[in-house]
Structure formats: structure tokens, C-alpha cells
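Me: Please take a close look at one part of this predicted model. I want the pairing of a small open sheet, what packs around it, and how that links to the rest.

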Amino acid sequence: MDELIRFIKGLIWIDERDLQLVLSRCRERQIAKGKLLLRKGQIANQYFFIVSGGVRFFYQALAQENTTWVMFENEFFTEISSLHPQAPSRFNIEAIEETRLIVIDKKDMDFLYGQVAAWEEFGRKLWEATTIRMIDQIMNFQTLSAEERYLNFLKNSQLIQKAPVKQIAAVLGITPNALSRIRKKIR
């Protein structure tokens, strides 16, 4: 849990008693590479913090998998479009490598929001950062070429080192062949 404690303290100030209450609502979970955390159609009811490993969000359309988001160590996530309205998920969430998670159930997160003022601040800061990341991704798709998007992705070494080419290409919105051409061009 040390990784989660560092992550929390990097975002907010929280007193030790409140931190212990938060940690009492957390549990660890190991997920094997290729296993699903959430399947399309299921209703999300957990939040996750990645201690090690990585996950991807994907959906299937026209007999093809489309990766929309990839996350690695020290990231906090959920499938918010399912969790908050308690609606069936449109995504699958899969471990792309052996992954160690810290899990908080929705009911426990709701409890913590009601009991720990600092935890509300944590949630606000977390979702603000996630929203900024999503806006940046949308703007990149609308304003940058595929090559420029790839150059931006090079700044995220975990993504480039750990995600397969097919998934990187999908996140960039291009084919694996187009990604190969871009890589050759910038070498």
C-alpha cells in the first residue's frame, strides 16, 4: 500500500487517522496478463489504483478490437461511464501485463467521500486531472497529425515500452502499418 499512500499524499494533505480509514477500505488484487477486470455489459462498481502492470480499455466494432485508453503504474481509474450511473459498460478492461491493483468498492468510496473531507478533495483533483487528459487527447486528435500524436506519445515511455504496437496504433487512431511508416520516418 506504500505506492497508494505516496500517490494520495502527492495530491492532498490527509491526517493519519483519515488515511488509515481510507486504507481500511482498500484491498490488493493480482490480475494475470490477458484477464478482464470488467467485461462489456457488466456494471462497474470498483475503483482501481495500479501498483504495477498496466491495463487497457477497449471495445469491439466491426469484428475488430479498438483500444481507447492505456494506463500503467501510479494511475487511478474506473469505468466512470458505467460506475456513476450504474449502467452497463461499453468497454472491456484488460490487464496487458501481470498487474497488481489496489481496489476500492464504490460503496466504500462513497462512504469515504462522506466521512473524510480530504478524500473529497482527492476525488476532485483526480477527476480534474483525468478530464484534462481526456481533453488533451480529443484536442490532439482534432489538431495534430498522426506523426505529431506519436511524437507526443513518445513522452510516455511506459506506453511505448509496454503496449504492443497494435494497441499504440489504436490509441493514436491509425493502423499498425501507418505507425510503422511514422517510426521509420522519424528514426
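**The sheet and its surroundings**

Reply: Phe48 stands opposite Phe77, a residue of β6. The pair belongs to a ladder of 2 bridges between β3 and β6, and these strands run antiparallel. Keep in mind that this is a predicted model.

Now the whole sheet. It is open and has 4 strands, in the order β1-β8-β3-β6, with antiparallel pairing. At its edges stand β1 (26–31) and β6; each has a single partner strand, so one side of each is left without a neighbour in the sheet. Helix α1 (residues 2–11) packs on this sheet. The helix touches β1, β3, β6 and β8, and its direction makes about 110° with that of β3.

Next, the nonpolar core. The largest one has 40 residues, and Ile8, Phe76, Phe77 and Trp119 touch the most other members. Strand β3 gives the most to this core, with 5 residues. In soluble globular proteins, nonpolar side chains tend to be buried together.

Phe76 deserves its own list. Setting aside residues up to four places away in sequence, Phe76 touches Leu4, Phe7, Tyr47, Phe48, Phe49, Met71, Ile104, Met109, Phe122 and Leu126. There is also a second, separate core of 15 residues, including Tyr150, Phe153, Ile174 and Ile182.

Met109 leads to helix α4. In α4 (residues 106–115), the buried residues are Lys106, Asp108, Met109 and Leu112. They lie on the same side of α4, because they cover an arc of only 160° around the axis. Lys107, Gly114 and Gln115, on the other side of α4, are exposed. The cover over the buried residues of α4 includes α2 (16–24), β3 (46–52), β6 (76–77), α3 (80–83), β8 (99–105) and α5 (117–143). Three strands of the open sheet, β3, β6 and β8, are thus among the elements named here.

Take α5 next. The axes of α4 and α5 cross at roughly 120° and come within 5 Å. From α4, the contact uses Met109, Leu112, Tyr113 and Gln115; from α5, it uses Ala117, Trp119, Glu120, Gly123 and Trp127. By type, the contact of α4 with α5 has 6 nonpolar residues, 2 polar and 1 charged. Trp119 ties this contact back to the largest core, as one of the residues there that touch the most other members.

Met71, another contact of Phe76, leads to a second set of strands. Met71 is in β5 and stands opposite Val55. Strand β4 (residues 54–61) and strand β5 (residues 64–72) run antiparallel and are joined by 8 bridges. Their hairpin has 2 residues between the strands, and Leu62 takes a positive phi near 50° there. Strand β4 also pairs with strand β7 (residues 92–95), antiparallel, through 4 bridges. Here Arg56 has Glu94 of β7 as its bridge partner.

Finally, Trp69, which lies in β5. Trp69 counts as buried because its relative accessibility is 14%, and the cut-off for buried is under 20%. Leaving aside neighbours within four places in sequence, Trp69 is in contact with Val55, Arg56, Phe57, Arg133, Met134, Gln137 and Val171. Trp69 and Gln167 are 98 residues apart in sequence, yet 9.0 Å apart in space, C-alpha to C-alpha.

Terms used:
Residues numbered from 1 in each chain as written. Predicted model: local features only at pLDDT ≥ 70, side-chain atom pairs only at ≥ 80, totals over all residues. Heavy atoms only, no water. Buried < 20%, exposed > 50% of the residue type's maximum accessible area, 1.4 Å probe, protein only. Arc of directions from axis to C-beta. Contact = heavy atoms within 4.5 Å. Core = buried A, V, L, I, M, F, W, Y, C linked by side-chain atoms within 4.5 Å. Axes fitted to C-alpha atoms, helices over the stretch in contact; angles between N-to-C directions. Nonpolar A, V, L, I, M, F, W, Y, C, P; charged D, E, K, R; others polar. Pairing = 2+ DSSP bridges.
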